[in-house]
Amino acid sequence: MKSIDRYMARLIAVPLFSTLIVAAMLLVLDRMLRLFDFVATEGGPISVVWRMLANLLPEYLGLGIPIGLMLGVLLAFRRIATTSELDVMRGVGMSYGRLLRVPYMYAIVLAAINIGIVGYVQPTSRYAYEQLRFELRTGALGASIKVGEFTHLGDRMTMRIEQSRDEGRKLSGIFVHAQTAKGDWLGVTAASGQFLATDDPNVIIFRLTNGTLIHNRIGFNVPRVLTFSQHDLPIDLPKFESFRQRGGGNLEYTLPELARAGHHAQSLQERNGSRSEFHFRLTEVASMFLLPLLALALGVPPKRSSSALGVFVAIVMIVVYFKVNQYAAGVGDLGKVDPLIALWGPFAVFAGLVLWMYYTIAYVPGGQPIGALERGFSKIAKAVTRRMPGQRREASR
């Protein structure tokens, strides 16, 4: 029996982790292109893209773990069914409940991980992601100076760089216009320059070489013009407003914080929003305990059939349930339906459907939960294959 458990564990592990990795990579790649465009538009350092993606990863894992669990179990049962191993196991007296022991071990471990992710890690990473977006928009991360364009550093300085070499460490073709609080203004052109750090984190030095400086002040009849071989121009970095505290939205609250907010909210709207998000996360984790049953019911095809319709139906069902849950959370947030009913009602329907499908395949002789769909799919496939040779003959004529 232990060897059967180890065998099932290996069969589940490969598609489970493969699906999880592939799903996370696809979601990351889709967001990466948009983040690169956003960071480039805001003029921030490219390295911040990787920090933003790292903060989005828990959100992707929260969706990828249930899909990975379902596909891992489904493909494992499909394999042992199509190779007749399932018939042998059933013939020696192993029930479907016994075969589900290992899948439920996976489900328990992954559900514990997922509740840690959606309950604690995801809210803090979401806040960190929003903070990075805020700092990019305000320039707090350090805006890059775009070559050939006028760049504003605060309200009193404008700069233009014609050429940048050695990753921005060597600049040439420099123009700077600056104004002081006293009303003075400086106009500087220089052949080259570079930025240098100082002991004061709020001030940097722009060391210019081989240029001309024009200085004007109230009371000067004529602006002063100076030529220099080297000139250090101090630049006060603009001060940025601090980012808000965590909790700007329900997505940034952990599960205990949502529970407290649901009981002690000052308004009905805040109470409904907190309760909706709280129950949405709980139903998301609770649904993972139904996935092994759903995977078994849809992973075992009818006798003498190798149809993969069950895989398609399983993916559609879990995606539709997730979207329905999102809609129910929105309805509960608006207060149209009590969040408890709005979220756990669809869960009860989904659980009832899954339990019926499992009962049909496990206890009804010859039962097949999607037998009608399988027969319809088979007829359509035969009709298509029967029609294709006729089309070829007509084309040859």
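**Entry: Arg-281**

I started with Arg-281, which lies in helix H7 (residues 268-286). A reminder to myself before going on: this is a predicted model. Is Arg-281 buried or exposed? I find it buried, with a relative accessible area of 3%; the cut-off for buried is under 20%.

Next I listed what Arg-281 touches, leaving aside neighbours within four places in sequence. Its contacts are Val-118, Gly-119, Pro-123, Asn-250, Leu-251, Tyr-253, Thr-254, Leu-255 and Leu-258. I also checked a distance to Asn-114, which is 167 residues away from Arg-281 along the chain. The C-alpha atoms of Arg-281 and Asn-114 are separated by 9.7 Å.

**Entry: Glu-277**

I stayed in helix H7 for Glu-277. Glu-277 counts as buried because its relative accessible area is 14%. Which residues does Glu-277 contact, once neighbours within four places in sequence are left aside? I get Asn-250, Leu-251 and Leu-258. My list for Arg-281 also has Asn-250, Leu-251 and Leu-258, so I will keep both entries on one page.

**Entry: the whole protein**

I stepped back for an overview. I count 11 helices and 6 strands in the protein. Of its 397 residues, 42% are buried. I then took the contacts between residues at least 6 apart in sequence, and 63% of them join residues at least 24 apart.

**Entry: the nonpolar cores**

In soluble globular proteins, nonpolar side chains tend to be buried together. With that in mind I looked up the cores here. The largest nonpolar core has 58 residues. Which of its members touch the most other members? They are Leu-69, Met-70, Phe-77, Ile-80, Tyr-96, Leu-294 and Leu-298. Helix H2 (residues 47-82) gives this core its largest share, 10 residues. Another core, of 16 residues, lies apart from it, and its members include Met-159, Ile-161, Ala-190 and Leu-233.

I picked Leu-294 for a closer look. Not counting residues up to four places away in sequence, Leu-294 touches Met-70, Met-317, Phe-350, Val-354 and Met-357.

**Entry: helix H2 and the loop after it**

Where does H2 bend? I find a bend of about 30° at Tyr-60. Just after H2 comes Ser-84, with a positive phi of about 65°. Ser-84 is not a glycine, so I made a note of that positive value. The residue sits in the loop between H2 and helix H3 (85-91). Ser-84 counts as partly exposed because its relative accessibility is 39%.

**Entry: strands S3, S4 and S5**

I followed the pairing from strand to strand. Strand S3 (residues 170-179) runs antiparallel to strand S4 (residues 185-197), and 8 bridges join the two. One pair to click on: Ile-174 has Ala-190 in S4 as its bridge partner. Ala-190 had already turned up among the members of the 16-residue core.

S4 also runs antiparallel to strand S5 (residues 203-216), and here I count 12 bridges. What is the bridge partner of Leu-186 in S5? The partner is His-215.

Still in strand S5, I stopped at Asn-210. Phi of Asn-210 is near 55°, again a positive value in a residue other than glycine. Asn-210 counts as exposed because its relative accessibility is 52%, and the cut-off for exposed is over 50%.

**Entry: the cavity**

Rolling a probe the size of a water molecule over the atoms shows where empty space is left. How many cavities of 30 Å³ or more does a search of the whole structure find? It finds 1. The largest cavity holds about 60 Å³ of space.

The lining of the largest cavity is made of 13 residues, and those nearest its centre are Arg-78, Leu-298, Gly-299, Ser-307 and Gly-310. H2, helix H8 (291-299) and helix H9 (309-334) are the elements that give two or more residues to this lining. Leu-298 was in my core notes as well, among the members with the most contacts to other members.

**Entry: Phe-347**

My last stop was Phe-347, found in helix H10 (residues 339-363). Phe-347 counts as buried because its relative accessibility is 15%. Not counting residues up to four places away in sequence, I see Phe-347 touching Thr-283, Ala-286, Ser-287, Leu-290 and Tyr-321. I closed with the C-alpha atoms of Phe-347 and Asn-325, which are separated by 8.3 Å. These two residues are 22 residues apart along the chain.

How values were computed:
Residues are numbered from 1 along each chain as its sequence is written. This is a predicted model: local features need pLDDT of at least 70, side-chain atom pairs count only at pLDDT 80 or more; totals for chains, interfaces and linings use all residues. Side-chain values use heavy atoms; hydrogens and water are left out. A nonpolar core is a set of buried Ala, Val, Leu, Ile, Met, Phe, Trp, Tyr and Cys residues joined through side-chain atoms within 4.5 Å. Buried means under 20% relative accessible area, exposed over 50%, partly exposed in between (1.4 Å probe, protein chains only). Helices (H or I, at least four residues) and strands (E, at least two) are DSSP runs, numbered from the N terminus. Contact means heavy atoms within 4.5 Å. The bend at a residue is the angle between axes fitted to the seven residues ending there and the seven starting there. Two strands pair if DSSP finds at least two bridges between them. On a 1 Å grid over the protein atoms alone, a cavity is a set of points where a 1.4 Å probe fits but cannot get out, and a pocket is an open set with protein on both sides within 12 Å along at least five of seven lines; lining residues have an atom within 4 Å of a point. Grid points are joined across faces, edges and corners, and a volume is the space filled by probe spheres set on the points.
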